[in-house]
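Here is a set of short questions and answers on one structure. Look at the sequence and the model first.

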Amino acid sequence: MRSTTQGGAVVITGAWGSLGRRLVRRLHRRRSVIALDERPFPECPKDVEHHPIAFWRKRVRGILKSGHVDVVVHAAGAQDDRTTLDDRAANVAGLQHLFEHARDLGIPKVILLSSASVYGARAENPQLLSESAPLLGVGASGPLRTLTEIDMLAQSFLWKHPSVDTVVLRFVHLLGPIDNAASNYLRLGRVPTLLGFDPMIQVLHIDDAVEAVCLALVPGCRGVFNVAGPPPVPLSQSIARLGRTSVPVPHLLAKAALQRLWALGVVSYPGAELEHLRYVCMVDDAEARERLGFTPMNDLEATLRAVDEEGWP
Amino acid sequence: MDRSSALVRLVDLAAARASPIARRLIARARASAQEVVDRILGEDFDERVETVRAHYTGLGGDLFGLDAETVRSAARVCASFHRLYFRTEVHGVDDVPAGRVLLVANHSGQIPVDAAVIACTLLLDAKRPRIMRAMVDHWVGTLPFISTFFSRVGEVPGVPENAERLLERGEALLVFPEGIRGISKPFGQRYQLQEFTHGFVRLALRTDTPVVPVVVLGAEEQYLSIGTLPRLARALKMPVFPMIPQLLVPGGQLPLPTRYRVYFGEPMRLQGNAEDDATVAENAWLVRQAIHDGILRGLAERRAVFW
């Protein structure tokens, strides 16, 4: 199989995640793909080498060494799961090791899939944040905090090690038949919003995100890129376009309720995500459009509708 | 003409229920109500709003959340103040260049009615109607409803990046370089131009934007402030707390019906290096001087405050 593909292998961590899975399917016919994920991967294509281990395991170095690896795509960071402190430590330290392996083994490229939420939604934000804006998602707790730490790690690696082409892709809210905060939110029958607040939001179709990763695979391309989809709209409009009703809730009430529900384990967002319903956290994607040549294929309607698509259980 | 005006609708409702004998009287009332609405908004009001809507639709929507429908309703309220209450006299609005422009105005009147009047002028009195954009303080963004309303009528959070982005998109951006010092002057210091901040000059130089000096007369006399209470302001976390005796008189909460006069000056092309502080200060002085001269000229021409 490897003879029909060009170049070296692409290693994808978190390959069973919503982005990882789509990336594997997209790439496996063109390139040899090595999938890393401790979860079972029942739909894994036959020509993909699947290793059922987490990316932070010691064995990963051996896998990277034995294959002729061109790119490592770290898709395991962008998870919206409830993670414990141990998981977080493993995640962040694991990425550090992954980067070191890449440097030691001469792997030319590492791509981190991150999120624009790392900038944090704040009243002081400029309408569009550039890649050099400070990452203020750190103050948050839970998965967002892990992601911010990972993103910062990748950024420092980018500057410290010019031998590896590090790429950080910060996606705006990803929508699709997937299990993430933004899609789950829009899938609610009655969508809670914050009374008196209606920030502009940016959304991106999951397939367009996969396309952006493919563009970043080009050798020589390095840097941090904000990736956004169709032009922004007010949150209320995106809910209305999906034919759903929004239920405005006073901020203090919503915050208290969310914290209570989080403590009970009913919801998977500890509360920082609430700020996204209140303030803008939009990005300037000029870099991605110019240097990556990225243009979203899905318009606003298609991107929003994607949350209700087939494939969502 | 648009029938959704509350006044017209009320008369409509009355007409439907009135007896045939009263109908003729009501028809006459309706006609004169329409006349009043026309006089306030102008006959081409809807056309103007449509022009603005088409402009932003053509751009693929506004990045900052401007909404033509909210602009329409806000303009109805503001227009009645602009045309009926303050009877604003407008000079030179058609000399404002099309495309990106920085409007730099003197700031006065305790509450920013001057900004609303300039916005009305650009939307309702100019030959080519356009939306005036302005920047508001961060804390406004934390207030429910108000933050949403402001962003729908075109105001944006006061961050330098936002200003540049607006100008890149060819907008008309209003700046008050005096800031809070200007608007909260006591009555004794009326029409004394305060010190200018220099951010607008850097902005104009970096983006190569023409600057239009704007003079507003009449706002100074709308609220008579006898001074400020800095300690109380600090305790209430307000930027300033003016003492306005008229607020204690019933009906004194409304600004006094002074006559507003708005003068748009000759567009100025600032020259020089945006990073050089001396150049920036010199340019700021030039613009301030233009506004200062405009104020003196306007005051000399003005025969009375209220008409």
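The turns below cover confidence, cores, a sheet and aromatic pairs.

This is a predicted model, where local features need pLDDT of at least 70, side-chain atom pairs count only at pLDDT 80 or more, and totals for chains, interfaces and linings use all residues. Residues are numbered from 1 along each chain as its sequence is written, chains are lettered from A and ligands numbered from 1 in the order in which they are written, and side-chain values use heavy atoms, with hydrogens and water left out.

Q: What pLDDT does chain A average?
A: pLDDT is the predictor's confidence in each residue, from 0 to 100. In chain A, 92% of the residues score at least 70. Over residues 1-5 of chain A, pLDDT stays under 50. The average for chain A is 88.

Q: Which helix gives the largest share of the largest nonpolar core?
A: A nonpolar core is a set of buried Ala, Val, Leu, Ile, Met, Phe, Trp, Tyr and Cys residues joined through side-chain atoms within 4.5 Å. Buried means under 20% relative accessible area, exposed over 50%, partly exposed in between (1.4 Å probe, protein chains only). The largest core has 74 residues, and A:I12 and A:V73 are among those that touch the most other members. Its largest share, 7 residues, comes from chain A helix α6 (residues 206-216).

Q: How many residues does the second, separate core have?
A: In soluble globular proteins, nonpolar side chains tend to be buried together. The second core includes B:V156, B:L173, B:L205 and B:A284. Its residues number 34.

Q: Which strands are the edges of the open sheet in chain B?
A: Strands here are DSSP runs (E, at least two residues), and helices are runs of H or I of at least four, numbered from the N terminus. Two strands pair if DSSP finds at least two bridges between them. The 7 strands follow the order β1-β7-β6-β2-β5-β3-β4 in chain B, with mixed pairing. Pairing on one side only marks the edge strands of chain B, β1 (89-91) and β4 (155-157).

Q: Which residue stands opposite B:V101?
A: Strand β2 (residues 101-105) of chain B runs parallel to strand β5 (residues 172-175) of chain B, and 4 bridges join them. Opposite B:V101, in β5(B), stands B:A172.

Q: How far apart in sequence are the parts that A:W16 and A:F41 tie together?
A: Rings of Phe, Tyr and Trp (its six-membered ring) pair if their centres lie within 6.5 Å; planes under 30 degrees apart count as stacked, over 60 as edge-to-face and the rest as tilted. The centres of A:W16 and A:F41 are 5.2 Å apart and the planes stand at 50°, so this pair is tilted. A:W16 lies in the loop between β1 (9-13) and α1 (18-27) of chain A, and A:F41 in the loop between β2 (33-36) and β3 (49-51) of chain A, so the parts tied together are apart by 25 residues.

Q: Is B:Y260 buried or exposed?
A: B:F86 and B:Y260 form a tilted pair, 4.5 Å centre to centre with 55° between the planes. The two also belong to one aromatic cluster with B:F81 and B:Y85. B:F86 has a relative accessible area of 1%. For B:Y260 the relative accessible area is 0%, so B:Y260 is buried.

Q: What separates the C-alpha atoms of A:D70 and A:G8?
A: A:D70 is in strand β4 (residues 69-74) of chain A. A:D70 and A:G8 are 62 residues apart along the chain. Their C-alpha atoms are separated by 4.9 Å.

Note on methods
Contact means heavy atoms within 4.5 Å.
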